[in-house]
Amino acid sequence: NLSVSGTVDRKLSRFLKGGAGLGYRLSQVEDVEGTENYGFLWVPLFAEWDSRNNALNPSKGSNVRLDIAPYFDTLGSGSYFLRSLGTAR
């Protein structure tokens, strides 16, 4: 397996941060039917709202984050999917 990715994030306001990136993963999966190669290009994106008064020991505020990443096949199947994850603290 080979995977490489990078992201850049930026503070947009006092509480809001966002970011975007690019990644690629090449995998070889072996099962009872044989060996398959997969190559996916993905574009990770995130937005985060952080109003905590202290990041290490908060006593008030909240932290909400949404991550989404569309994945695109690069080895010919034409498949694609969207991965998403939301967290709130």
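In which strand does E48 lie? The answer is strand β4, which covers residues 45–50. Good morning, colleagues. Please keep in mind throughout that the structure before you is a predicted model. I shall begin with the strands, then follow the charged side chains, and close with D73.

Let us take the strands in turn. Strand β1 spans residues 2–11 and strand β2 spans residues 16–31; the two pair in the antiparallel sense over ten bridges. Within this pairing, L2 stands opposite L26 in β2. The connection from β1 to β2 is a hairpin of four residues.

Strand β2 also pairs with strand β3, residues 34–42, again in the antiparallel sense, over nine bridges. Here R25 stands opposite F40 in β3. A hairpin of two residues leads from β2 to β3.

Strand β2 has a further partner in β4: the two run antiparallel and are joined by five bridges. In that pairing K17 stands opposite E48 of β4, which brings us back to the residue of my opening question.

What surroundings does E48 have? With a relative accessible area of 11%, E48 is buried, because buried means under 20%. Setting aside neighbours within four places in sequence, E48 is in contact with F15, L16, K17, N63, V64 and R65. One of these, N63, meets E48 through a polar contact of 2.9 Å between their side chains. E48 and D67 are 19 residues apart in sequence, and their C-alpha atoms are 8.6 Å apart in space.

I turn now to charge. Side chains of opposite charge can pair when their charged atoms come close. How many salt bridges does the structure hold? There are five, and I shall describe three of them.

K17 forms a salt bridge with E48, in which the closest N and O atoms are 3.6 Å apart. This pair links distant parts of the chain, since K17 belongs to strand β2 and E48 to strand β4, 31 residues apart. K17 also meets the side chain of D9 in a salt bridge, at 3.7 Å from N to O. Are K17 and D9 buried or partly exposed? K17 counts as partly exposed, at 29% relative accessibility, and D9 likewise counts as partly exposed, at 45%.

The third salt bridge joins R65 to D67, with the closest N and O atoms 2.9 Å apart. R65 is partly exposed, having a relative accessible area of 25%, whereas D67 is buried, at 16%. Through salt bridges that share partners, D9, K17, E48, R65 and D67 are joined into one network.

Finally, let us consider D73. This residue lies in strand β5, which covers residues 63–73. D73 is buried, yet it has no salt bridge. Where is the nearest side chain of opposite charge to D73? It belongs to R25, and it is 12 Å away. A salt bridge requires nitrogen and oxygen within 4 Å, so at 12 Å R25 does not form one with D73.

What does the side chain of D73 reach? It reaches the backbone nitrogen of G76, at 3.2 Å. Not counting residues up to four places away in sequence, D73 touches G39, F40, G78 and S79. F40 is the residue of β3 that R25 stands opposite.

To summarise, E48 is buried and forms a salt bridge with K17, while D73 is buried and has none. Thank you for your attention.

Note on methods
Residues numbered from 1 in each chain as written. Predicted model: local features only at pLDDT ≥ 70, side-chain atom pairs only at ≥ 80, totals over all residues. Heavy atoms only, no water. Buried < 20%, exposed > 50% of the residue type's maximum accessible area, 1.4 Å probe, protein only. Contact = heavy atoms within 4.5 Å. Polar contact = N/O pair within 3.5 Å; in protein donor to acceptor, adjacent residues only side chain to side chain. Lys, Arg positive; Asp, Glu negative; His and termini not counted. Pairing = 2+ DSSP bridges.
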